[in-house]
Amino acid sequence: QRRVHGDILQKHKKKMSVFVAARGPSEDRPIKIPALPSTTILQILEKACAALGKDPATHDLTYRDKILERSLPLRLSGAGTGNKLLVVARAVPSAASQVTCVVQLPDGSRIERRFGSAVTLWSVLCAVQKNSELTLCVLPAGNYVQPSIQYMNQEIRTNEALQRTTFTDLGISARTGTVLLRVNLRPTDSEPPASAFVPGLDLVETSSSSSSSS
């Protein structure tokens, strides 16, 4: 049984390849891109666009004239292995599309909002903080509580990453449907970094004075 399980794992990790071409004169000369079953369509698109001299923000990957969902791994995209994918211009600019998002807070409660796909995850935290009981705080000892956002198997852990990562960067668009983002708060052993004071998020400094004054 262990050997069978090991064989399954090896098969899952086995390198695959897809052939990607641009719609136009170079369509008959596709490029070969190595990929894992877990490689997302967005990652394949970025590699293809880099090789073809195109902007992934304004292009999509298609298979049999169907636009592939950027956030899906190759094994769930329906494209299969060894197949030919096409890089095509997007019909609607990424910044113009709206994403329906459910944000799950650390206490398990959820908030549903719509955001432009060019909105950053930091802006999502700002919006959620204003409309919920989410508290981003500094502990009595002066230690910072670090927020992070998890989407599927990806977790954006630093303030800098939250401030630059958009829905588009995660492969999320209007076609993705409703997405779930999980907010996590992790106490640290350090003081708040400068990136914690970028306008938008309010830090609350908790105090033990109320409990010691009695």
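**Exercise 1. Where does Ser195 lie, and is Ser195 buried or exposed?**

Solution. Step 1: Ser195 belongs to the loop between strand S11 and strand S12 (203–205). Helices (H or I, at least four residues) and strands (E, at least two) are DSSP runs, numbered from the N terminus. The structure is a predicted model, in which local features need pLDDT of at least 70 and side-chain atom pairs count only at pLDDT 80 or more, while totals for chains, interfaces and linings use all residues. Residues are numbered from 1 along each chain as its sequence is written, and side-chain values use heavy atoms, with hydrogens and water left out.

Step 2: Ser195 counts as buried because its relative accessibility is 11%. Buried means under 20% relative accessible area, exposed over 50%, and partly exposed in between (1.4 Å probe, protein chains only).

Step 3: With residues up to four places away in sequence not counted, Ser195 touches Trp122, Asn159, Glu160 and Gln163. Contact means heavy atoms within 4.5 Å.

**Exercise 2. Describe the protein as a whole by its secondary structure, its buried residues and its contacts.**

Solution. Step 1: The secondary structure comes to six helices and 12 strands. Step 2: Of the 214 residues in the protein, 41% are buried. Step 3: Among contacts with a separation of 6 or more, 64% are between residues 24 or more positions apart.

**Exercise 3. On which side of H2 are the buried residues, and which residues are exposed on the other side?**

Solution. Step 1: Helix H2 (residues 41–52) has 12 residues and reaches 16 Å from its first C-alpha to its last, close to the 16 Å expected at 1.5 Å a residue. The expected span is 1.5 Å times one less than the number of residues.

Step 2: The buried residues of H2 are Ile41, Leu42, Ile44, Leu45, Ala48 and Cys49. They cover an arc of only 155 degrees around the axis, so they lie on the same side of H2. This arc is that of the directions from the helix axis to the C-beta atoms. An α-helix has 3.6 residues a turn, so residues three or four places apart point the same way.

Step 3: Ala50 and Ala51 are exposed on the other side of H2. Just after H2, Gly53 takes a positive phi of about 70 degrees.

**Exercise 4. Which residues touch the most other members of the largest nonpolar core, and which element gives the largest share?**

Solution. Step 1: A nonpolar core is a set of buried Ala, Val, Leu, Ile, Met, Phe, Trp, Tyr and Cys residues joined through side-chain atoms within 4.5 Å. The largest one has 27 residues, of which Phe167 and Leu181 touch the most other members.

Step 2: The elements that give two or more residues to this core are strand S6 (98–104), strand S7 (110–116), helix H4 (121–130), strand S9 (145–151), helix H5 (159–164) and strand S11 (179–187). H4 provides the largest share of this core, seven residues. Apart from this core lies another, of 16 residues, among them Val18, Ile33, Leu45 and Ala79.

Step 3: H4 is mostly covered, with eight of its 10 residues buried. These include Trp122, which Ser195 touches.

**Exercise 5. What separation is there between the C-alpha atoms of Gly171 and Glu69?**

Solution. Step 1: Glu69 is in the loop between strand S4 (66–67) and helix H3 (74–77), whereas Gly171 is in the loop between H5 and S11. Step 2: Glu69 counts as buried because its relative accessibility is 14%; Gly171 is buried, with a relative accessible area of 0%. Step 3: The two residues are 102 residues apart along the chain, and their C-alpha atoms are separated by 7.6 Å. Step 4: Leaving aside neighbours within four places in sequence, Gly171 is in contact with Leu42, Glu69, Arg70, Ser71 and Thr176.

**Exercise 6. State the sign of phi for Asp65 and for Met152, and locate both residues.**

Solution. Step 1: Most residues other than glycine have a negative phi. Step 2: Asp65 has a positive phi of about 70 degrees although it is not a glycine. Asp65 lies in the loop between strand S3 (59–63) and S4 and counts as exposed because its relative accessibility is 68%. Step 3: Met152 also has a positive phi, near 55 degrees. Its place is in the loop between S9 and strand S10 (154–156), and Met152 is partly exposed, with a relative accessible area of 42%.
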